[in-house]
Amino acid sequence: MKKKLLALSLAVALVFALAACTGGTETKNPGNSDAPSTPKPEMVKLKVAASATPHAEILAQVKDELAEQGIDLVVTEYGDYVIPNTAVEDGDEDVNYFQHQPYLDQFNVENNTHLVSVAAIHYEPFGIYPGKTTNLADLPDGASVGVPNDATNEARALLHLDETLSL
């Protein structure tokens, strides 16, 4: 959880820095006309592509706080890991929040994109679920096992499967 908050904090800090460069409008203090005015930040729209769980859920937790800081957070949920990257590359989204560095590096090479990381992101934990069996040891020889279809996460899944079955 700390890594999730750190990644989000770094991204938000970047947004605050950019928002600070935009200036702002002044508002009058309604209780005292002689009191100095307080700058009110202009709203800056930040369009974020995110996976539904947990990334969009994390962003939903900070949406109101960001609005108080002048950031209109617009989160679009995606069900895959390709479209968020192409949406950022094409300029339809400002940033995305879902992938680790090895996946990003592989994606850039395979798709000739130019995406860069602004902060490290946590790795989603892997789990092994035996389906209708109660124990992995009860799986029959030749049983099918589903793993992610991208090289970086497939390798993680196979290593995890190997470690689990070796216990």
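V147 counts as partly exposed, because its relative accessibility is 33% and the class lies between buried, under 20% relative accessible area, and exposed, over 50% (1.4 Å probe, protein chains only). The residue is placed in the loop between α4 (101-111) and α5 (151-166), where helices (H or I, at least four residues) and strands (E, at least two) are DSSP runs numbered from the N terminus. Together with V145 and L158, V147 makes a nonpolar surface patch of about 230 Å²; patch residues have over 30% relative accessible area and no salt bridge, and nonpolar side chains are joined within 5 Å, like charges within 9 Å. A salt bridge is here a side-chain nitrogen of Lys or Arg within 4 Å of a carboxyl oxygen of Asp or Glu, and accessible areas come from the Shrake-Rupley method with a 1.4 Å probe.

The model is predicted, with local features requiring pLDDT of at least 70 and side-chain atom pairs counted only at pLDDT 80 or more, whereas totals for chains, interfaces and linings use all residues. Residues are numbered from 1 along each chain as its sequence is written, and side-chain values use heavy atoms, with hydrogens and water left out.

The largest nonpolar core (buried nonpolar residues joined through side-chain atoms within 4.5 Å) has twelve residues, namely L46, V48, A50, A56, I58, L59, V62, L66, I71, L73, Y97 and I121. Two or more residues of this core are given by each of β3 (44-51), α2 (52-68) and β4 (71-78), and α2 supplies the largest share, five residues. Another core, of six residues, lies apart from it and includes V88, F98, L104 and L115. Within the largest core, V62 is in helix α2 and counts as buried because its relative accessibility is 18%; the C-alpha atoms of V62 and L73, eleven residues apart along the chain, are separated by 8.8 Å.

Four aromatic pairs are counted under the rule that ring centres lie within 6.5 Å, with planes under 30 degrees apart taken as stacked, over 60 as edge-to-face and the rest as tilted. The rings of Y81 and Y103 have centres 6.0 Å apart and planes at 70 degrees, so this pair is edge-to-face. Because Y81 lies in the loop between β4 and α3 (83-90) and Y103 in helix α4, the pair ties together parts that are 22 residues apart in sequence. Y81 is partly exposed, at a relative accessible area of 36%, whereas Y103 counts as buried at 7% relative accessibility. Both tyrosines belong to one aromatic cluster formed by Y81, F98, Y103 and F107.
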